[in-house]
Amino acid sequence: MTETPWIPDSGSLDWPPPRGSILELGHVGYLSHVLPDSVRWIAIGSGEPQPSAALVLAGAAAARHLPRFLHLLGQPQLRLVVCRIHHHPGRVWRQAVRLLLRVCSVPIIVLDFEDEDILHPAHRPLLNAAHRIFKRELPLDRWRLARPFPLASVQEDRLRRDPQALALVRKLRPLPLGLPLGLPSPPPPVPRRHDLFFAGTGLDVPGHRQAGFAELAALASEGLRFDLPSGRLSRLEHLGHCGAARLTWSPPGYGWQCFRHAEAALCGSVPLLSYPTVETHAGFVDGRQALFYDPTPGGLTVAVRRALADPVRLDILGVAAREHVRCHHTPEAIAAYILRQSMGG
């Protein structure tokens, strides 16, 4: 790995990047789906057939394919290596990373789309070598990720003066979850038949979702037009329900960011979100493209009543939400953000 990564001036960044100039490593591809001509995907640790992958390193046969892996890393047109990590790195992944760090001569970036707001200690060598680290659930206090172990009890003042920890923190960037890959086009706009829509799981488990749903049920009993289906919806059905409601309640799941945030906005429904607990890139702004609420008891009720008192404003916010997602939260927009941060300075 070069000590000073190559970073061109932002104006010199080719778009799309040249053919085969980027390698993507990981159990699931992302950039390779968005820019298939520019990005080659090496599927690592996946036991399922991966017809779109340039190479598959998995199981007992992985060792036989390592020479091909090294060959791809040595291609003269290569300009960037993208590593998509998860929190259960297996033997094949660790072996591939050791080879990568030994022979790679171009910048490395890391994508962490996982729900958890931690970094697995096994990834430390890769993170230390990376030029940029993009993390979906990036804590507001980035220093939490610099601790030697997740949630470790350490002397914070000493940690924040440690050069290696400081270097890690400076590399971190927020990673939008945005819209999922392969999302079908939403149905054509329809008149708003409902005031609010929500469909989700976890309602039988004590916690924020269960408490919030109880507040919505109480409001619905007052005659508000709520769409609260109990069965599982297909993705296309879910988009249709969003498009028919002025508001879509989108509570946190395992992480604060959810696909539902962007899906609702794409359909012109105003996302109703609890206040963010993580850093975001081009995030929704309260009162501009979304509405935020206090997650303490009663906070959701207050926000819903206030929002529905001004339906004209909700319609304006819905238009702004749709345009915001189209500009910043499509996979194409997220890929452009990642690569401009990584290759354009």
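The following dialogue examines helix packing and enclosed space in a predicted model.

Trainee: What makes helix 9 oblique to helix 11?

Mentor: Helix 9 and helix 11, the latter spanning residues 311-328, pack at an angle of about 120°, and their axes are 7 Å apart. Angles of 65 to 115 degrees count as roughly perpendicular, and those over 145 as roughly antiparallel. The angle of about 120° lies in neither range, and helix 9 is therefore oblique to helix 11.

Trainee: Which residues make that contact, and which hand does the crossing have?

Mentor: Helix 9 contributes A262, A265 and L266, while helix 11 contributes G318, A321, R322, V325 and R326. The crossing is left-handed.

Trainee: How do you know how the contact of helix 9 with helix 11 divides by class?

Mentor: The contact has five nonpolar residues, one polar and two charged. Ala, Val and Leu count as nonpolar, Arg as charged and Gly as polar. On that basis A262, A265, L266, A321 and V325 are nonpolar, R322 and R326 are charged, and G318 is polar.

Trainee: Why is helix 7 called oblique to helix 10?

Mentor: Helix 7 and helix 10 (residues 299-308) pack at an angle of about 45°, with 9 Å between their axes. Only angles under 35 degrees count as roughly parallel, and the roughly perpendicular range is 65 to 115. The value of about 45° falls in neither range, so helix 7 is oblique to helix 10.

Trainee: Where do helix 7 and helix 10 meet?

Mentor: On helix 7 the residues are G212, E215, L216 and L219, and on helix 10 they are G299, L300, T301, V304 and R305. By class, four are nonpolar, three polar and two charged. The crossing of this pair is right-handed.

Trainee: What makes up the contact of helix 2 with helix 3?

Mentor: Helix 2 (residues 66-73) and helix 3 (residues 91-103) have axes that come within 11 Å and cross at roughly 35°. L66, F69, L70 and L73 of helix 2 meet Q95, A96, L99, L100 and V103 of helix 3. Helix 2 passes helix 3 in a right-handed crossing.

Trainee: How many charged residues does the contact of helix 2 with helix 3 have?

Mentor: This contact has no charged residues, with eight nonpolar and one polar. Asp, Glu, Lys and Arg count as charged, and none of these appears among the residues of the contact.

Trainee: What lines the largest pocket?

Mentor: The largest pocket holds about 930 Å³ of space. Its lining has 29 residues, of which A199, G200, T201, R209 and R260 lie nearest the centre. Helix 7 (208-220), helix 8 (235-243) and helix 9 (259-266) are the elements that give two or more residues to this lining. Helix 9 supplies the largest share, three residues. The classes are twelve nonpolar, ten polar and seven charged.

Trainee: How many cavities does a search of the whole structure find?

Mentor: The search finds three of 30 Å³ or more. The second largest has a volume of about 40 Å³.

Trainee: How do you know which residue is the charged one in the lining of the second largest cavity?

Mentor: The lining consists of G26, H27, I44, R84, I85, H86, P89, W93 and H123. It divides into four nonpolar residues, four polar and one charged. Arg counts as charged, so R84 is the charged residue.

Notes:
Residues numbered from 1 in each chain as written. Predicted model: local features only at pLDDT ≥ 70, side-chain atom pairs only at ≥ 80, totals over all residues. Heavy atoms only, no water. 1 Å grid on protein atoms, 1.4 Å probe; cavity = no way out; pocket = protein on both sides within 12 Å on 5 of 7 lines; lining within 4 Å. Points joined across faces, edges and corners; volume = space filled by probe spheres on them. Helix = DSSP H or I, 4+ residues; strand = E, 2+ residues; numbered from the N terminus. Axes fitted to C-alpha atoms, helices over the stretch in contact; angles between N-to-C directions. Left-handed = near helix turned anticlockwise from the far one by under 90°. Contact = heavy atoms within 4.5 Å.
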